[in-house]
Amino acid sequence: NGLGYEAGGSVYFDTQAFTKAGHSYGKLNPWAVGSSLSEVSENANEGDGVSGEKRHKCDFALWKAAKPGEPTWDSPWGKGRPGWHIECSAMASSIIGQTVDIHSGGEDLRFPHHDNELAQAEAYYHCQGCQQWVNYFLHSGHLGIEGLKMSTSLKNFVTIKESLEVFTPRQLRLMMALNSWDRRMAYGPQLQDEVKTKESQLKNFFANVDVALRKTEGQDHAEKWHAEELALSEACRLAAAAIDAAFLDSIDTRAALNACFDLIKHSNIYLAGKTGASAERPAQPMLLRQVAALVSKTLSVMGLTPFTFDRIGMDDLGGGAGDDGKLSGVLNALSQFRDSVRTHAKSGAPSKSFLDCCDGFRDEAFV
C-alpha cells in the first residue's frame with residue numbers, strides 16, 4: 001500500500017506516509033511520539049539526528065536484514081527475520097481478522113509495541129478502509145519490588161510458589177483485588193500487612209454476623225425496624241450502588257472492596273449496639289443476612305470463595321456440615337462468655353465472677 005520502504009535489505013514502516021494517508025500514528029501514547037521527535041530536534045546540532053537506513057525517527061522495522069549469528073529466513077529482500085512488532089499483528093490478523101475487540105498487555109507495551117501493531121494492521125487493511133484495528137486496550141499495571149518492575153531480566157521476581165510461603169491463596173487473591181488491575185502494585189511488607197488486616201476484618205465480620213444470627217434463633221420478636229435498622233439498610237443500599245458503579249468503571253475491584261469495608265464498618269456499629277445487657281432490642285436477622293449476602297456476593301465475584309455467606313465462620317474450604325455444627329456450639333458459648341465478662345466488668349464484680357465465667361465457658365464449649 002506504499003506505506004513501507006526497503007533500505008539495505010531491511011524493510012521499514014513509513015510513519016510519515018501512514019499519517020499522510022489519513023491515519024493517526026501513536027494514538028495510544030502521543031506523548032511518547034512527541035518525546036521521540038523532540039530528541040531528534042535537540043540532538044540535530046550534534047549530528048545525532050535521523051541517520052542510517054531509517055527515513056524518520058519514528059519509523060520501525062518490519063523486516064530486518066540478517067546479522068551474523070541470528071536465525072534467518074529467506075525473503076524478497078534477502079535473508080533476515082521479522083521485526084519485533086510484526087509478529088503480533090500477523091498472528092492476530094491471521095486468527096481474528098480486520099477487527100480485534102479487546103487487546104491486553106502490560107502498560108510498558110503501550111508504546112512503541114502496541115502503537116506499532118496498530119499502525120501495521122491499519123496499513124495492511126488500508127484498502128478496506130480500516131481506521132481502528134483494535135476497539136479496546138486493557139493495559140495492566142506491573143508488580144513492583146523496591147521501586148523497580150518485577151521482571152526476569154532484572155532477576156528481582158518472586159514466583160507464585162515463593163509467594164505462597166508468605167501468603168495463603170486467599171490472601172494472594174485479596175492482594176490483587178485490593179489493587180486496581182491497571183495500576184502498579186508494590187509487592188512488599190507493607191502490602192502484606194494491609195492484606196492480612198483486611199482479611200481479619202472480613203473474617204471477624206462474618207463471624208460476628210454468624211454469632212448475632214445464632215442468638216436470634218428461636219426468639220419471638222417482631223421485625224419492626226427502628227432508626228438504627230433504617231440507617232444500616234440505607235448504608236447497604238448505597239454500598240450496592242457503589243459496588244455496581246465500581247465494577248462498571250473499568251472493573252475497579254479496589255473501589256468495590258472499599259464499599260464493602262465501609263458497609264462492614266456500619267454493620268459493626270450496629271452490632272455493637274445489640275450486645276450486652278444494655279441492648280434494648282435484638283439484631284434484625286433479615287437485615288443482617290441482606291448485608292452479609294451483599295458482601296459475600298461481591299467477594300465471590302472476585303474469586304474469594306472462602307468468604308461466601310454460606311460458610312460464615314469457616315476458615316477454609318475443607319469444613320463440611322459436621323464441622324459447622326461443632327463450630328456452632330463454640331460460637332454460641334463464646335458469645336455468652338463475652339457478654340458475661342462485659343456485664344461483670346461494667347458492674348465492678350469481684351474477680352471470682354470472671355473465674356466462674358471462664359469455668360462456664362470451658363464446661364459448655366468443650367464438653
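These legends walk through a few close-up views of a predicted model.

**View 1. Asp74 and Lys79 form a salt bridge.** Side chains of opposite charge can pair when their charged atoms come close. Here the closest N and O atoms of Asp74 and Lys79 are 2.8 Å apart. How open to the surroundings is each partner? Asp74 is exposed, because its relative accessible area is 63% and the exposed class begins over 50%. Lys79 has a relative accessible area of 48%, so Lys79 counts as partly exposed. A search of the whole structure turns up 14 salt bridges, and the next views show some more of them.

**View 2. Arg214 and Asp210 pair within helix α7.** This salt bridge brings the closest N and O atoms of Arg214 and Asp210 to 3.0 Å from each other. Helix α7 covers residues 189-216. Along helix α7, Arg214 and Asp210 are four residues apart, which is about one turn of the helix. Are the two residues buried or exposed? Both Arg214 and Asp210 are buried.

**View 3. Asp356 and Lys352 meet in a salt bridge.** The N to O distance for this pair is 3.3 Å. Asp356 and Lys352 belong to helix α12, residues 351-365. Because they are four residues apart in that helix, about one helical turn separates Asp356 from Lys352. Take a look at the accessibility of each one, too. Lys352 counts as exposed because its relative accessibility is 55%, while Asp356, at 39%, counts as partly exposed.

**View 4. Glu228, Glu229, Lys274 and Arg281 are linked in a network.** Salt bridges make the links among these residues. When you find Glu228 and Glu229 in the structure, look for Lys274 and Arg281 as well, since these residues belong to the same network of salt bridges.

**View 5. The largest pocket has a volume of about 330 Å³.** Its lining is made up of 15 residues, and those closest to the centre of the pocket are Leu62, Ile86, Gln120, Ala123 and Tyr124. Which elements give two or more residues to this lining? They are α3 (86-95) and α4 (110-124). The largest share of the lining comes from α3, with five residues. What kinds of residues line the largest pocket? By class, eight are nonpolar and seven are polar, with no charged residues in the lining.

How values were computed
Residues are numbered from 1 along each chain as its sequence is written. This is a predicted model: local features need pLDDT of at least 70, side-chain atom pairs count only at pLDDT 80 or more; totals for chains, interfaces and linings use all residues. Side-chain values use heavy atoms; hydrogens and water are left out. A salt bridge is a side-chain nitrogen of Lys or Arg within 4 Å of a carboxyl oxygen of Asp or Glu. Buried means under 20% relative accessible area, exposed over 50%, partly exposed in between (1.4 Å probe, protein chains only). On a 1 Å grid over the protein atoms alone, a cavity is a set of points where a 1.4 Å probe fits but cannot get out, and a pocket is an open set with protein on both sides within 12 Å along at least five of seven lines; lining residues have an atom within 4 Å of a point. Grid points are joined across faces, edges and corners, and a volume is the space filled by probe spheres set on the points. Ala, Val, Leu, Ile, Met, Phe, Trp, Tyr, Cys and Pro count as nonpolar, Asp, Glu, Lys and Arg as charged, and the others, Gly among them, as polar.
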